[in-house]
Structures are given as structure tokens and as C-alpha cells.
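Thank you all for making the time this morning. I would like to walk through one chain, beginning with the chain as a whole and then moving to its sheets, its helices and a few backbone details.

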Amino acid sequence: MASPESTQRPPREGGQRQRRGRGDGDRQPRDRDREDSEFVEKLVSINRVAKVVKGGRRFGFAAVVVVGDSKGRVGYGSGKAREVPEAIRKATDQARRAMVRVPLREGRTLHHDIIGRYGAGKVVLRAAPQGTGIIAGGPMRHIFEALGVKDVVAKSIGTSNPHNMIKATFEALQSSASPRAVAARRGKKVGDIVRGRETNEARE
């Protein structure tokens, strides 16, 4: 005949496991909602990689993520891990640490046309009038959506490697300058820079 202590132990252990599971389940969704409300995360690519070891091949995953706040800040990162969620988490953390600010015209497009190069990648970014939308493909579309750009025309020339395309796009965005910055560098007024830009656009 089993003792009273042995009959009561399994329900108590099960109750502890169930309470711990409810606590974890309540915390994780709240953390994700808080992070998603502040940043926009875009998963660009996931690639399976293999490492040859003594016992055979060891598989892992490499992820590329773009993170932005839709208000002029954006960053990218890459991460490797044995599991997909861990690789995405590493890439997301790296992207948040490497965020840069890009000046936007009226909060919707670029101030001027830009060409960016990295390795075999070359991208051409052009400012567009209101209502154009995002005309870009591949990783560049994810970058503009996370950045908060609403009107832009972009073209990738050369490699289709997502890493080189992203780095070329960021090289172009970081070379962008607002009329205020150009005026301060040249020692002129902002109105002179804006009038010159409007004259060039009218000629085109």
C-alpha cells in the first residue's frame, strides 16, 4: 500500500511545472509586442551552412535581418547559430546596435539621387515624387520599408548577393546629405541650396 506522501508528490510536481509554463508563456508575448511596437524587423534571408568536422557535417543557419524605426533610422545585422530562431535573434541584436540615421525629404523620400558601391554590388537610388511608392526589389525594399521611405526608385546593378546589396545600399544612404548639412559645409543659406535643387529638377 502506497504511503500518503508518495500519492501526493506527483500532483505537486506537475503543478510546479504547469505554473512555470504559464509564467513563461505570459512573459514572452509581452516582450515581443513591446519590441515590435518600437522597431520594424525585416528578415532578408536565411541560409543553411555546413561545417565539416571529424564525425561528419555540422549544419547551422545564417540569417540577415534589417531593423528600423520607420522614422529615419535603420540598421542591418547577420547572425549564425545551430537553430533558426537563435540566428535571427543574433542578427537582430547586431542590427539594433548598428543603426544609423538617414536624412529624409519631407519624411518620405531621399533628398537627392545617390550611387552606392560595395564589392561587386552597385545600387542607384533616386528620389521620387509623392505617390510613386517603393520601386525596388530584394533586400533594398526591406531597407526602405524599415527606414520609413514611402517614395523611391532603386535599381541594383551587378551582384545579387544580399550581403553586398545591403552594404552597397547602406554606403549610399550614409553618403546622403540634407540641404541644411550642405549649406553649413559650403557656408551658404539653406534657401540657396533648395532653389538650386528645384532649378535642376525643373530642367529634368
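Let me begin with the contacts, where contact means heavy atoms within 4.5 Å: of those in the chain with a separation of 6 or more, 54% are accounted for by residues 24 or more positions apart. Before going further, I should say that this is a predicted model, in which local features need a pLDDT of at least 70 and side-chain atom pairs count only at pLDDT 80 or more, while totals for chains, interfaces and linings use all residues. Residues are numbered from 1 along each chain as its sequence is written, and side-chain values use heavy atoms, with hydrogens and water left out.

As for confidence, pLDDT is the predictor's confidence in each residue, from 0 to 100, and the chain averages 79, with 72% of the residues scoring at least 70. Which elements mark the lowest and the highest mean pLDDT? Helix H1, residues 4-38, has the lowest mean, 46, and helix H2, residues 84-97, has the highest, 94. Over residues 12-35 the pLDDT stays under 50, and for that stretch the model has 1 contact beyond four places in sequence.

The chain contains 6 helices and 8 strands; helices (H or I, at least four residues) and strands (E, at least two) are DSSP runs, numbered from the N terminus. Read from the N terminus on, the elements run α-β-β-β-α-β-β-β-β-α-β-α-α-α. Of the 204 residues, 32% count as buried, where buried means under 20% relative accessible area, exposed over 50%, and partly exposed in between, with a 1.4 Å probe and protein chains only. The chain exposes about 13100 Å², of which carbon and sulfur atoms supply 48%; accessible areas come from the Shrake-Rupley method with a 1.4 Å probe, and for residues only the protein chains shown count as cover.

Let me turn to the strands, where two strands pair if DSSP finds at least two bridges between them. Strand S1, residues 40-53, runs antiparallel to strand S2, residues 56-68, and 13 bridges join them. The hairpin between S1 and S2 passes through 2 residues, and lysine 51 stands opposite arginine 58 in S2. S2 also pairs in the antiparallel sense with strand S3, residues 73-81, over 8 bridges, with valine 67 opposite glycine 75 in S3. Between S2 and S3 the hairpin has 4 residues, and in that loop we find serine 70, whose phi is near 60 degrees, a positive value in a residue other than glycine. Serine 70 is partly exposed, with a relative accessible area of 34%.

Further along, 4 strands form an open sheet in the order S5-S6-S8-S7, with mixed pairing. Its edge strands are S5, 114-118, and S7, 134-135, each of which pairs on one side only. S5 and S6 run antiparallel and are joined by 5 bridges, with glycine 116 opposite valine 123 in S6; in their hairpin, which has 2 residues between the strands, glycine 119 takes a positive phi near 60 degrees. S6, residues 121-127, and S8, residues 152-158, are likewise antiparallel, joined by 7 bridges, and here alanine 127 stands opposite valine 152 in S8.

Helix H4, residues 162-174, packs on the sheet and touches S5, S6 and S8, its direction making about 135 degrees with that of S5; axes are lines fitted to C-alpha atoms, for helices over the stretch in contact, and angles run from 0 to 180 degrees between N-to-C directions. Helix H3, residues 139-147, lies across S6, S7 and S8, running at about 150 degrees to S8.

Which residues of H3 are buried? They are Pro139, Met140, Ile143, Phe144, Ala146 and Leu147. These residues lie on the same side of H3 because they cover an arc of only 165 degrees around the axis, the arc being that of the directions from the helix axis to the C-beta atoms. As a general point, an α-helix has 3.6 residues a turn, so residues three or four places apart point the same way. Just after H3, glycine 148 takes a positive phi of about 105 degrees.

One last backbone detail concerns glutamate 106, which lies in the loop between strand S4, 100-101, and S5. Glutamate 106 has a positive phi of about 60 degrees although it is not a glycine, and it is exposed, with a relative accessible area of 62%.
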